[in-house]
Amino acid sequence: MTGAIRRWPLASFVVLAYAVSWGWTFPLVAAGDVIEKGVGWPTNFPALVGPAVAAFVVTALVWGRTGVRDLLARMARWRMPLRWWAATLSPLGFLAVALAVAAAIGKLPRGSDFGRYSGLSAIGVVPVAVIVILITFGEETGWRGFALPLLQRRYGALAAALLVTPIWALWHLPYFFTVATYRDFAPVGYVSFVFGLACGSIVLTWLYNGTGGSILACAVWHGLYNLETGTAAATATIQAVTTAFVYVLAFLLVGFELRARRRGEATILGPRRGAAPPSGPRSVTPL
C-alpha cells in the first residue's frame, strides 16, 4: 500500500480525500438528513477536513517529515507583499459592490443573515466568519496545497487549475443530496456550478503561486467568498455580482496568460521567478 501511494501520490490523495469526506456525508444522504443554513445539526463540517487529512497522510508517506513541515509552513505563510494581501481580501471588495447594487434596487439583506451558514448554528456574524475561514483550510490544504503543485509541475499552471476542477467538483457530489442550497439547483445549475469552480480554481491558482505558495491566502479568499455566496444573505443579486467578479477575473487571467505565452514573457498564473519549487522529489509521477 505504501509503495502504491509513493508511486501514485495524486491518485492516492484523491481516493483518501473522497473516502474521508464521503464517509461522513453519504451516511447523511442515506438517512435523508438535510443540512440547513443556521442549523448546527446535521452538518457537513467534519467532511470539509477530508482533503487536508489526505494531503497530510500522503505527504507523510511520500516525503516524510520534511514534506509535512513544508505543508505546515505553507498553511501559515502570511508574509507577502501588500498587493497580494489585497488580492487575498478581494472578495470583500466584491461584496461591497454587491451590497451597493442590492441597496440600489431595494434588496439589501439583513446583516444578521451573514451569520447563518449551512451546517453551522447561528452564533453571530463574526464567529461564523472565523469558523468558515478556518474550516476552509480543510479544502485548500488539499486542492491548492497538495494537488495543484503536483499537477502544475507536469502540465503547467493553467492546465493544472483546470485539472483540479473535476476533482474538486466531484468531491461535492453528496452535497447535492443533503445540503439544502445544493438540492435546490435547477439542471442548468450543475453546469454553472462546475464552470464557477473552474473560474475559482484559476483565480486561486494565480493567488497560490503569486503568494509563493500560501495556503493561508487561498483559505482566506475561499472562506470569504463562501461567506458571501453560502449564507442566508446570499440573495440572487449578491450571488450574481460576486460570481461575476470571479468570472471576469478568471477570464482576464487566462487572457493575460495566453498573451504572455505568445510573447515569450513570464507566466501570469504560474510560480514567479525565484519562487521555491513545489514540494516533493521531481522523480515522483504525480498521477
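**Exercise 1. Burial along helix H2**

Identify which residues of H2 are buried, and state which helices they pack against.

*Solution.* Step 1: In this predicted model, burial within H2 is found at Pro9, Leu10, Ser12, Phe13, Val14, Ala17, Tyr18, Ser21, Thr25 and Leu28. Step 2: An α-helix has 3.6 residues a turn, so residues three or four places apart point the same way. Step 3: The partners against which the buried residues of H2 pack are helices H1 (2–7), H3 (50–75), H6 (125–155), H7 (157–171) and H8 (175–178).

**Exercise 2. The geometry of H2**

Determine whether the end-to-end distance of H2 agrees or disagrees with the span expected at 1.5 Å a residue, then locate the kink in H2.

*Solution.* Step 1: H2 covers residues 9–31, which is 23 residues. Step 2: The expected span takes 1.5 Å times one less than the number of residues, and for H2 the result is 33 Å. Step 3: The C-alpha atoms at the two ends of H2 are 33 Å apart, so the two values agree. Step 4: H2 nevertheless contains a kink of about 40°, with its centre on Trp22. Step 5: Just after H2, Gly32 adopts a positive phi of about 75°.

**Exercise 3. Two loop residues**

Classify Leu173 and Ser118 by accessibility, and list their contacts beyond four places in sequence.

*Solution.* Step 1: Leu173 is located in the loop between H7 and H8. Its relative accessible area is 32%, which lies between the cut-offs of 20% and 50%, so Leu173 is partly exposed. Step 2: With neighbours within four places in sequence left aside, Leu173 is in contact with Trp22 and Phe26. Trp22 is also the residue on which the kink in H2 is centred. Step 3: Ser118 belongs to the loop between helix H5 (90–104) and H6. Its relative accessibility is 9%, under the 20% cut-off, so Ser118 counts as buried. Step 4: Under the same exclusion of sequence neighbours, the contacts of Ser118 are Ile35, Glu36, Lys37, Asn44, Phe45, Val179, Thr181 and Gly230.

**Exercise 4. The largest pocket**

Describe the volume and lining of the largest pocket.

*Solution.* Step 1: The largest pocket holds about 960 Å³ of space. Step 2: Its lining comprises 37 residues, and those nearest the centre are Tyr182, Phe193, Tyr225, Asn226 and Thr229. Step 3: At least two lining residues come from each of H6, H7, H9 (180–183), H10 (187–210), H11 (215–230) and H12 (236–263). H10 contributes the most, with seven residues. Step 4: By class, the lining has 20 nonpolar, 15 polar and two charged residues.

Key. Residues numbered from 1 in each chain as written. Predicted model: local features only at pLDDT ≥ 70, side-chain atom pairs only at ≥ 80, totals over all residues. Heavy atoms only, no water. Helix = DSSP H or I, 4+ residues; strand = E, 2+ residues; numbered from the N terminus. Bend = angle between axes of the 7 residues up to and from the residue. Buried < 20%, exposed > 50% of the residue type's maximum accessible area, 1.4 Å probe, protein only. Contact = heavy atoms within 4.5 Å. 1 Å grid on protein atoms, 1.4 Å probe; cavity = no way out; pocket = protein on both sides within 12 Å on 5 of 7 lines; lining within 4 Å. Points joined across faces, edges and corners; volume = space filled by probe spheres on them. Nonpolar A, V, L, I, M, F, W, Y, C, P; charged D, E, K, R; others polar.
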